[in-house]
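Trainee: Could you take me through one part of this protein in close-up, and show me how that part sits in the whole? I would be glad of one connected account.

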Amino acid sequence: MTGINKKQMIGIFAFCVAAMSSNMTMGIIAYIMQAYSNVAPTTVSQILTMPALVGTAYAFCVGILHKRIPAKYLMLLAQSCLFLYGMIFLFLGGTAPIWVLMCASGLIGISQGSTNTLLAIALSEAVPDGNKRGGILGICMAVMNIGGVFFSTVGGMLAVNRWNDAYYLYFIVLVTLVIQVICLPKGAIQSAPAPEHTETKKTTGKLPLKVWIISAHYFIFFLALYVYGTNISEYIITTHQLGTSAEAGIASSMVTVGGIAAGALFGLYSKFLKKFTVPVLMGLCVVGLVIPIVITTNVFALFFCGLILGFAMSGCNPYIMSYMGQIVPGEQYSKALSIFAGFMNGGMCVAITVLAFLTGLVCGDPGHVPTKFMVGAVLAGIAFVTSFPIYVTKD
């Protein structure tokens with residue numbers, strides 16, 4: 001840990017622990033629908049879509065805000081919104097009108113739209129050595145996924161008798177806030193230093209075209225990944241009748257397990273793969289999405305599919321976040337990451353609609369699940385092929 005600010009890293013790890021806590025709501029949304037039985041289920045489900053809408057808008061803004069507000073305070077704002085969201089659901093859930101919970105869920109977007117950007121900025125000061133930073137960034141991603149698993153698993157247990165009780169876990173977010181106040185530097189990172197090996201460029205005020213290309217490219221990759229998360233439950237329970245909600249839950253959680261492995265091992269395989277890291281991981285995504293098309297009678301194959309997809313996504317993120325530092329001047333780093341996060345959150349907003357549209361074009365039925373996986377595999381294939389000129393060849 002030589003050359004690493006250990007005190008700042010404690011604050012950063014605390015930030016990561018709570019970053020994915022909002023995933024807990026996905027697992028108990030059925031209980032919330034029961035509590036609001038007089039409200040249309042599609043309306044209640046907007047609790048899950050509001051974060052993406054707000055997050056998309058905020059993601060494009062956070063890079064600009066960082067020019068005026070130290071990263072520490074933006075990190076505290078993001079997690080304060082998480083804590084407030086949890087308290088509203090804990091004390092007002094089931095009694096307040098549904099629009100109150102919908103507005104509260106929008107608060108998550110402040111965290112969701114800024115987490116990756118702020119994490120990369122904070123690490124650029126805590127870990128000055130760019131060679132070490134990539135491995136540490138991977139570990140941070142693993143900590144995020146572990147935190148997400150903890151909140152989802154324990155929250156699901158607490159929600160059995162009374163769904164609001166799951167949100168008692170958000171007092172953990174309060175603890176992480178205190179740790180961040182103590183451990184992050186007071187004037188944190190108003191102008192983040194560029195990662196090592198950054199190419200020397202004169203700042204023109206405009207981001208390089210490659211930043212936009214990388215962001216749009218990841219948008220396509222994210223659409224492919226989203227096929228699994230939004231359709232695996234129906235695939236297992238209804239389409240091929242391979243199990244119940246228990247098997248569907250395991251399949252969904254395997255994405256997180258893959259993410260933990262990708263983050264923990266990032267420092268190893270990224271040094272070996274180097275500039276081929278993203279193409280190889282996107283190639284794994286193609287393999288993963290082909291599995292449900294070829295093997296339709298074995299639920300364990302779907303578990304393996306989720307593991308591969310989670311590994312691919314959580315492996316690409318830290319590499320791309322580090323790579324951005326090689327193509328932009330240091331003062332534009334936060335803005336570049338902000339654009340990348342905006343495209344990623346935008347993918348969350350439109351994925352269901354876009355995938356249904358493309359599926360309808362292919363087979364005439366926008367809801368046909370097997371065709372959705374085929375569409376996802378094709379999108380992943382496009383992302384894989386185009387990743388070579390983006391990441392491997394010279395500009």
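**A close look at helix α13**

Mentor: Happy to. Let us begin with the overall picture: the protein has 16 helices and zero strands. Please keep in mind that this is a predicted model. The C-alpha trace extends about 55 × 45 × 35 Å along its principal axes. A compact globule of 395 residues would have a radius of gyration near 21 Å, and the 20 Å found for the protein agrees with that. Of those 395 residues, 52% count as buried. Contacts that link distant parts of the chain are well represented: among contacts with a separation of 6 or more, 81% are between residues 24 or more positions apart.

The outside is worth a glance too. The accessible surface amounts to about 16,400 Å², and carbon and sulfur atoms supply 70% of that area. As for charge, there are 19 positive and 10 negative side chains, with 11 Å between the centres of the two sets.

Now to the helix itself. Helix α13 covers residues 277-294, and P279 is found in it. Its 18 residues should span 26 Å at 1.5 Å a residue, and the end C-alpha atoms are indeed 26 Å apart, so expectation and model agree. The buried residues of α13 are T277, V278, P279, L281, M282, G283, C285, G288, L289, I291 and P292. A general point helps when reading such a list: an α-helix has 3.6 residues a turn, so residues three or four places apart point the same way.

Let us zoom in on P279. With a relative accessible area of 1%, P279 falls under the 20% cut-off and therefore counts as buried. What surrounds it? Setting aside neighbours within four places in sequence, P279 is in contact with F384, S387, F388, Y391 and V392. For a sense of distance elsewhere, the C-alpha atoms of P279 and Q326 are 18 Å from each other, and these two residues are 47 positions apart along the chain.

A second residue makes a good companion to P279. T117 is placed in helix α8, which runs over residues 115-126. T117 is buried because its relative accessible area is 1%, under the 20% limit. Leaving out residues up to four places away in sequence, T117 touches V62, S334, L337, S338 and A341.

To bring the close-up together: P279 is a residue of α13, it is buried, and its contacts beyond the sequence neighbours include F384 and V392.

How values were computed: Residues numbered from 1 in each chain as written. Predicted model: local features only at pLDDT ≥ 70, side-chain atom pairs only at ≥ 80, totals over all residues. Heavy atoms only, no water. Helix = DSSP H or I, 4+ residues; strand = E, 2+ residues; numbered from the N terminus. Buried < 20%, exposed > 50% of the residue type's maximum accessible area, 1.4 Å probe, protein only. Contact = heavy atoms within 4.5 Å. Rg over C-alpha atoms; globule rule 2.2 N^0.38 Å. Areas by Shrake-Rupley, 256 points an atom, 1.4 Å probe, with all protein chains shown as cover. Lys, Arg positive; Asp, Glu negative; His and termini not counted. Charge placed at Lys NZ, Arg CZ, Asp CG, Glu CD. Expected span 1.5 Å × (residues − 1).
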